[in-house]
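Please examine the cysteines of the structure shown here. The paragraphs that follow take the disulfides in turn.

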Amino acid sequence: MSYDDDHYEPQPPRRGHGGGRPEQGGVPYYQDPYRPPAFDERAADPWSPGAPAPGPMRTAAAGSALAAEPELPGNVNGDLDLDELDPKGRIARSNAKRRGKAAPGRKKKALKYTAFGTAGLLAVVAGVGAYVIAHLDGNIKHTTLLPTGVTQQAEIPDKFGNTAMNVLLIGTDARVSAADCKLGGDCSASGSGNSDVLMVIHLAADRTNSTIMSIPRDTETTIPSCGGNSSYYGMINSSLAYGASCTVATVHQLTGLTIDHYVEVDFSGVVTMSNALGGVPVCVSNNMYDKDSGLRLNAGTTVIKGQQALEFVRTRHGFYDGSDLGREKAQHIFLSNMIRQLRSQASFTDIGNLYTIADAATKSVQVDDGLAGVTNLISLFDTMNKVPTNRVTFVTMPWELDPNNTNRVIPNSSEAAQMFANIKNDVPYSSASASTSSSSMKSESDSATSAAAAEAAASPAAADATSSVITSQVHAQVLNGTGVSGRASTVAQGLVSGGFSSSNISTGNASTTSKTVVYYPSDRAQSAAAVAGALGIPSSQVQESSNYSEVTVVIGTDWAGGATYSSAGSSSSASPSTSASAAASAPTSSSQLNAATTGQCVQVASGDIVN
């Protein structure tokens, strides 16, 4: 029967989609009497022929995503949903079974469970990570960097906006914790102990080099008032009794360097780190036994770790001349070997062991508030790790025997002032082509900056005179004759860096003058020579004068900048981070050692050699 017949019988409704006749001309499909039955998912039988015909707007459950979606003209379902045609997935499963594949519904469930499992695993890992970090953070003790009322100048950025960083490493001999008590004996219930190790770790602004300067624990200097004490003159290691912040203030006062952070490590920290590395190789010249530390080693190279590593770094009487200075040489060799060992380790792969190490290590350190937290310590480690091994140099602060007590040392005025200035101005002690031998080449730059200091010390009489002066007891004034604001304070700080006491140094202004001169009354010649030596002022510019009652430095316009006269007019005084230039060379007493140097053997003191 044709579509145009006047007499026809309506075809019975059919289940399923299709089977209707094409549209009549001008009659929309949904008004065609031969259209297929409409699908109504709300009906008991969705394919019931009594389901309502679709109107111009689709109907759906209230609140559903389809509830207000407009119908496209001339279509039953403008956005066909295959689930509506096969709500229980029978067709898809049947077809999939014939093809030998899993049904889409099962795939969806599998993907859903996999996604939930992965998300759950990530949540667990993140939770454990957060717990571990929080736990390790809780292990780390921290205090303020400086005592209340003590301030220091911020680091000066280089021309690229980068700043240097100075970290004070403090090794304490306190035996407060059970672990330290077991390792060191002589247990105590409280207290900070004394500092066995004091090292200023300087990182250049461009992070191309690092100078690690040890300060002998027997150094006599002025300990500032730190709240719990009055200022006094004594051994620098005693400052730790008033807290790490007091040690920071003491080192700042002694050197004039800005100390940005401190890290205090106890006995168990050395044990933990050496164990983490699987040991550190060290060499000694002879078979030895030190009854004080308990260290026993055979001649040659031995890999030491744990308590034996602690015994090595604490041995004082068993190395070189049996003094603290000999111990510092041994510590430098140990640390340079440890740096190479650390950087040779590709990775730590045992997660459980890593956690044990991190847990023990964080319990062994105390830091300033700026380093509190595991992430801050990791950031510091990454920063230090940027410096190539052959650009890391160990030095000891230039020293001389204390004339009042030959068992103690004091800073060598001119040489120490020069080293402090080099560190402050980012002048390195290693060059980009640093050799791995222990010898150093004195650079042209260092010769230039040291010329004035050398002239000041050229006279044997001057050297004899200054050697008997206790710089911390010298009174002097610094007068600014340049017209440049703050110049007298900067120079006064140079004297403090050279071992003079800030309480004995005054500042003021003078009439503008072209030449820098040190004036002194007739009975202060030795003190004047010491002041000139500390500032690098030539002896030809030191004059006796009855116009002054104490040693007086009048700064002239020839002083271009910096804390020492030898830096006047030099490029190092203008801007930090000239570290790409030639390297400086430390004096003999500093025992300069490049961290890349191999084959170093510690000399055993004669009293500790055994057969």
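**Disulfides of the chain**

Across the whole structure, a search identifies 2 disulfides. The model is a predicted one, and the bonds are described here as they appear in it. A disulfide is a covalent bond between the sulfur atoms of two cysteines.

One of the disulfides connects Cys226 with Cys246, at an S to S distance of 2.0 Å. Cys226 is placed in the loop between β5 (220-223) and β6 (232-235), whereas Cys246 belongs to helix α5 (residues 244-255), so the bond ties together parts that are 20 residues apart in sequence. The link of Cys226 and Cys246 is right-handed, with 70° about the S-S bond. Both Cys226 and Cys246 are buried.

Cys283 and Cys601 are also joined by a disulfide, with an S to S distance of 1.8 Å. This pair links distant parts of the chain: Cys283 lies in strand β8 (residues 280-284) and Cys601 in the segment after β21 (593-594), 318 residues apart. The link of Cys283 and Cys601 is left-handed, with -55° about the S-S bond.

Which of the words buried and partly exposed applies to Cys283, and which to Cys601? The cut-off is 20% relative accessible area, under which a residue counts as buried. Cys283 has a relative accessible area of 14% and is therefore buried. Cys601 has a relative accessible area of 33%, and is therefore partly exposed.

Definitions and conventions: Residues are numbered from 1 along each chain as its sequence is written. This is a predicted model: local features need pLDDT of at least 70, side-chain atom pairs count only at pLDDT 80 or more; totals for chains, interfaces and linings use all residues. Side-chain values use heavy atoms; hydrogens and water are left out. A disulfide is a pair of cysteine sulfur atoms within 2.5 Å. Helices (H or I, at least four residues) and strands (E, at least two) are DSSP runs, numbered from the N terminus. Buried means under 20% relative accessible area, exposed over 50%, partly exposed in between (1.4 Å probe, protein chains only).
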